[in-house]
Number of protein chains: 4
Amino acid sequence: MSSRVRIGMIGGGQGAFIGAVHRIALRMDNKFDLVAGCFGRDPENTKLTGSELGIDPARCYDTWQQMIETEASLPESERIEAISIVTPNHVHHGPTCSALRAGFHVICDKPLCISAEEAQEMHAAVKETGKVFALTHNYSASPMVREARERVLAGELGQIRKIYVEYLQGWLSDKLEESGQKQADWRTDPKRSGPVGALGDIGTHAHQLLEFITGDQVESVFAVLNTFVDGRALDDDDMILFKMAGGSTGTLCSSQVCFGRENGLKIRIFGTQGALEWDQEHPNDLKLTAEDGVTRNLRTATGAVGEASGSLTRTPAGHPEGYLEAFANIYTNFAAAVRNESSSIDRPFPDIEDGVRGVQFIGAALESNEIQSWVKMPAEER
Amino acid sequence: MSSRVRIGMIGGGQGAFIGAVHRIALRMDNKFDLVAGCFGRDPENTKLTGSELGIDPARCYDTWQQMIETEASLPESERIEAISIVTPNHVHHGPTCSALRAGFHVICDKPLCISAEEAQEMHAAVKETGKVFALTHNYSASPMVREARERVLAGELGQIRKIYVEYLQGWLSDKLEESGQKQADWRTDPKRSGPVGALGDIGTHAHQLLEFITGDQVESVFAVLNTFVDGRALDDDDMILFKMAGGSTGTLCSSQVCFGRENGLKIRIFGTQGALEWDQEHPNDLKLTAEDGVTRNLRTATGAVGEASGSLTRTPAGHPEGYLEAFANIYTNFAAAVRNESSSIDRPFPDIEDGVRGVQFIGAALESNEIQSWVKMPAEER
Amino acid sequence: MSSRVRIGMIGGGQGAFIGAVHRIALRMDNKFDLVAGCFGRDPENTKLTGSELGIDPARCYDTWQQMIETEASLPESERIEAISIVTPNHVHHGPTCSALRAGFHVICDKPLCISAEEAQEMHAAVKETGKVFALTHNYSASPMVREARERVLAGELGQIRKIYVEYLQGWLSDKLEESGQKQADWRTDPKRSGPVGALGDIGTHAHQLLEFITGDQVESVFAVLNTFVDGRALDDDDMILFKMAGGSTGTLCSSQVCFGRENGLKIRIFGTQGALEWDQEHPNDLKLTAEDGVTRNLRTATGAVGEASGSLTRTPAGHPEGYLEAFANIYTNFAAAVRNESSSIDRPFPDIEDGVRGVQFIGAALESNEIQSWVKMPAEER
Amino acid sequence: MSSRVRIGMIGGGQGAFIGAVHRIALRMDNKFDLVAGCFGRDPENTKLTGSELGIDPARCYDTWQQMIETEASLPESERIEAISIVTPNHVHHGPTCSALRAGFHVICDKPLCISAEEAQEMHAAVKETGKVFALTHNYSASPMVREARERVLAGELGQIRKIYVEYLQGWLSDKLEESGQKQADWRTDPKRSGPVGALGDIGTHAHQLLEFITGDQVESVFAVLNTFVDGRALDDDDMILFKMAGGSTGTLCSSQVCFGRENGLKIRIFGTQGALEWDQEHPNDLKLTAEDGVTRNLRTATGAVGEASGSLTRTPAGHPEGYLEAFANIYTNFAAAVRNESSSIDRPFPDIEDGVRGVQFIGAALESNEIQSWVKMPAEER
């Protein structure tokens, strides 16, 4: 008998991008059976997607509300145990709260939601139900990001002074949303994306990454949100100065109009006695400048990395793992939490606190951009 | 109803490496159900592995012969359709021939087998049964390798003059086989690995890659096979000069004693009007020197690559795919062939001819090493 | 008979760094004879340095005032024609003005000087005397920087949107000035360095580079100047947001406490149809993302670069030139101007306007840092 | 009074490449005065070149014989002390022997000469006269090559097993010699280049580099010399297997038809407990894989490198030095030897033994290519 977690999916039908990623991620380590879904607002889309996935048509639901209600009524041994939410930002809050309160564990795409109020309600729902909640800030599940965190927290860099993090893309250099490209369409639409564009889509990844690796918190921000493409309603470029609670300072740049850049998430951290650099487009490398001033290239799955990093890899050194494998790490650690297995690593996946922080970060940046002054963020509640 | 291919596996139990890789690969694109297996010579191993995989214990078989026989007797709608063979080299020939003749499609790890005789029998079995046979020379399924092949075959480099291919590892720099490490153990044992060590394990990958990309054939070789680690029975280092039928020349170096190297498979091809370079440790990059003399970095999933390459990717540009995804491409294209779907690309997976060539290459290199003269290879029969 | 320019030097004695660089630079292309000098405040230092350099002791002067006066009184065919000023920042203004007014051409190290008043006086002296004045913003004389400028000005990137420039060093991570290290000593001393530390030493290089390549002007800045090392009197780290007159925005980070970084001057420019990236630690590469979205690596001295870039190289492609050669380019083009030869390139060396801009940039950043608001820079007077 | 070495030059007139390089190299560190020359066979060329260089017309000689004879007759305080020979290969032997026997020190471009007989005579002339003789295998004077040598000789890599060295260029991919390009013209002409083309021009650099770094000797070679361009009289591509006296093996590839490659001299060395990699196109990096399996990037002029390497640099870390600086190192160390100053490093410049080895290497490769068998090289006489 399989001990795979039965899971349903909301979103991810035809034309979507991230749904397929989530599905590969959940299959990769054989920890889930995807047995139900509501893959889009159009029931035809759901039927088609469900059929392609070999899902019982009876468990392909017209609405996510129906899915939650019906599944909750199935026998315990049959009904789904968890729900994966891969919809645009404005449809994170509703399904998450409903699912949690109906007894399902939830794994949700980022950003958490589109307002501070939503974030607080989602936080409350997680805390009250005690269900497992994971947010797919996938980059933080990359083995060398984990290695970086371990080393920073162990004090290997000394006291952190400088953090430069950037997430540069170029795919929205033109007004792609006018072409009907679905990804561009909703991300540039305030109704679906929320009050920010690039900042929510990728800036929050950069923010989560920097707090995750350093174990420190952004204390205040000075933000400039730009819109370069005429007629676009949301920011497509951001540049943010920040100060950390621990005394370091740095820059966070997120942009979707950096012509030719693909998915350039990169972080550099400098301390009093060492430095680290990680670039998600070459995720198996972690550049460490040690106290001797010499830069080493630490590599995934080698003897140079610790157990925590090692627990997030599947193949020997030199066999590159990438985006999908990091994504799968979140799913696999989420499954373990659902099964109540203890984790060998701390913070095995991004959680509701990460989500709330992200929304607070967006809020602070928006305010700073408005008044062009430094704005404080709340201290983390973790 | 799912149209996934029902597959069984031979090999890949506890302590194995490549079996787990094959299983991730077959799950990745949701084209298979792994429903039967004989995961090792020890039935306990098979039971344990089967249980972990959630496979019906009734279909966890004590011997591969039993698996083939029993599965063949099940109703057509229930029995496996294909068998994945992930055993050490000396157990490729037997299961493959039996499986094919029992009506199963076969996907087998490389090298094909350990002698020219075995290779001929396997070739005959494939031809006679008409079943689909795939050999997992996984690197050739990497999107940018496909892109390289497309461009070379289209004449973009002009006439090929030089090919440098190397596959350098360092993991056998010490006598790891004495530590009981299972991968080292069988690879250095002539009974299980066959007459060569490094040359079969990785040199054949390099050979297959160069013939696949260039569409040309190695015509003759001058080979030196070295054993650097005392007491090791097989070569752990090879250096080979070769001449191609098309007039180019080059070097092929495969080594497992290059201290610190991980999985350094790299190929460089120079023609009269262009050049290409691919390094499997950074598989999403393909360096193309065009006729203008300027080197470009072609990247996976961008507008710069053709449809063939694009058909082998799952994520947008900048979202790195790696070793497992390339491996999955072979499984996915194998599934399509099993389902008799037409392929949009030529040679969608390495096949029996690749396997026969590899064994011939080993044979020629062994002979050349013995007599220290150039030795001709047979012309390809494809 | 040699047509080499007779030159004298102020500064650059024992313990200095940049003086030796200037001397190599002036020798490299055989355009100068160094025949006089006042190499330090200590006459012994001057004597010793002069002797090592084979300079006539009669032309090794105790003070720079003496050198200017005495040389000016020599017969025209004998006296120096130009003066190289390689002293700490606070001794740029005096010698420059005196030298110009005594009829000498001047080549001076950067930054121009330590106050806006000094800058204006120097500017006036240049304009009034009509003598040649060059400022050694050496990086802008690197061949691939010239290539970048040519391509941006030709519109190859379309309209510029984003500029990220950084100059990160780590050598002042500790309080090196306490060790007696001469370079650290004066650079962290407000009396000699002026009102800023890192910003003047390296930030001005970054600023000059970005204006030189883009042909655009910084319009306003928001600056944070940090001092990380306890007890240091000047900034050792800066982070600056800027807006350009042409509509682009960006970040300029200069730091001397980025542990392990050597001399990390790097600029990235993104336009509506292309992008460029240059890193001075690998100065022979220029990464160009063309309109097709593909990134090329343009290389020094290849057919891919234009005549302007070519005019700044001495060796064929693949023979790396570096820091000293770029420095020499300024000297060589300065010599040509002294000889009144026409230049094949525009702005063949950084001049008084570059110097004034740099001082204005420092002023604006200082004010912004003080009031934590955006501060405008004057429009360039060129 | 200057203590600069008075030097004359043979070769290096209009249209030459390497002469200008030698002149920059001799100027860089201010150790020479170039006061005489015979820059070409055409006296007009010599006059023009001499005039451009500011050399006294009386010391611009019509023939090199005349220069040696006349200069030798000048008063000791006036006459040249050393001669730099930068002619094509066939004019190395004559001037070197004459110059040495006339009492001049000699610095000569590589390869030493065009036959074993010439090499022996030159060797004898050096030994008999006791004069200083340097051969400009410039790459071996790169700081990080010195660092590599120090570390290998100190046993840091353990016992060396594998050496891969390559020198790949593409500039002769077409029949450039037909265009009148002077460099291509003589290099492909057996009368001037000697019995080999690419092998002498660049293969000998690769050979010298590998013996210099490892301190070991090539014992035997198996060589294939190819000519890819129709009608070319000499090899334009070589691939050589070699065995070292110390037990390691490797490949040496030199080619001038690798399309798009600029000046790709690269060496990788693998030992039992470490590895090194150096690439002359990025000469300030030395990749060291230490016993912990982690690859470090050692950088010029940092605390990570030893005094020997440090003695070959002029600028601080991160200020790239390149081809010309390495070349200058040879001149500067040659000047020190001429002045009879003791050197802080062993083998401060390539000498007559390097030259003889190079000619022997060419001889062995030619013979091996002819008979397609392994050919032994003599043991080094050093």
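I call a crossing left-handed if the near helix is turned anticlockwise from the far one by less than a right angle, and right-handed if clockwise. I am working on a predicted model, where local features need pLDDT of at least 70, side-chain atom pairs count only at pLDDT 80 or more, and totals for chains, interfaces and linings use all residues. Residues are numbered from 1 along each chain as its sequence is written, and chains are lettered from A and ligands numbered from 1 in the order in which they are written.

**Helix pair in chain C**

I looked up α4 (residues 93-101) and α5 (residues 116-129) of chain C; helices are DSSP runs of H or I, at least four residues, numbered from the N terminus. Their crossing is left-handed. They pack at an angle of about 15°, with axes 9 Å apart; axes are lines fitted to C-alpha atoms over the stretch in contact, and angles run from 0 to 180 degrees between N-to-C directions. α4(C) and α5(C) are therefore roughly parallel (angles under 35 degrees).

I listed the contact residues (C-beta atoms, placed from the backbone, within 7 Å). α4(C) gives C:H93, C:T96, C:C97, C:L100 and C:R101, and α5(C) gives C:E118, C:E121, C:M122, C:A125, C:V126 and C:T129.

**Chain A against chain C**

I found 30 residues from chain A and 30 residues from chain C in this contact. On the chain A side, β9(A) gives the most, with four residues; strands are DSSP runs of E, at least two residues.

**Chain C on chain D**

I noted an RMSD of 0.0 Å after a turn of 180° and a shift of 0.0 Å along the axis, with copies superposed by least squares on C-alpha atoms of residues with pLDDT of at least 70 in both. That is the relation of a two-fold axis.

Key
Two residues are in contact if their C-beta atoms, placed from the backbone, lie within 7 Å. Angles under 35 degrees count as roughly parallel, over 145 as roughly antiparallel, 65 to 115 as roughly perpendicular and the rest as oblique.
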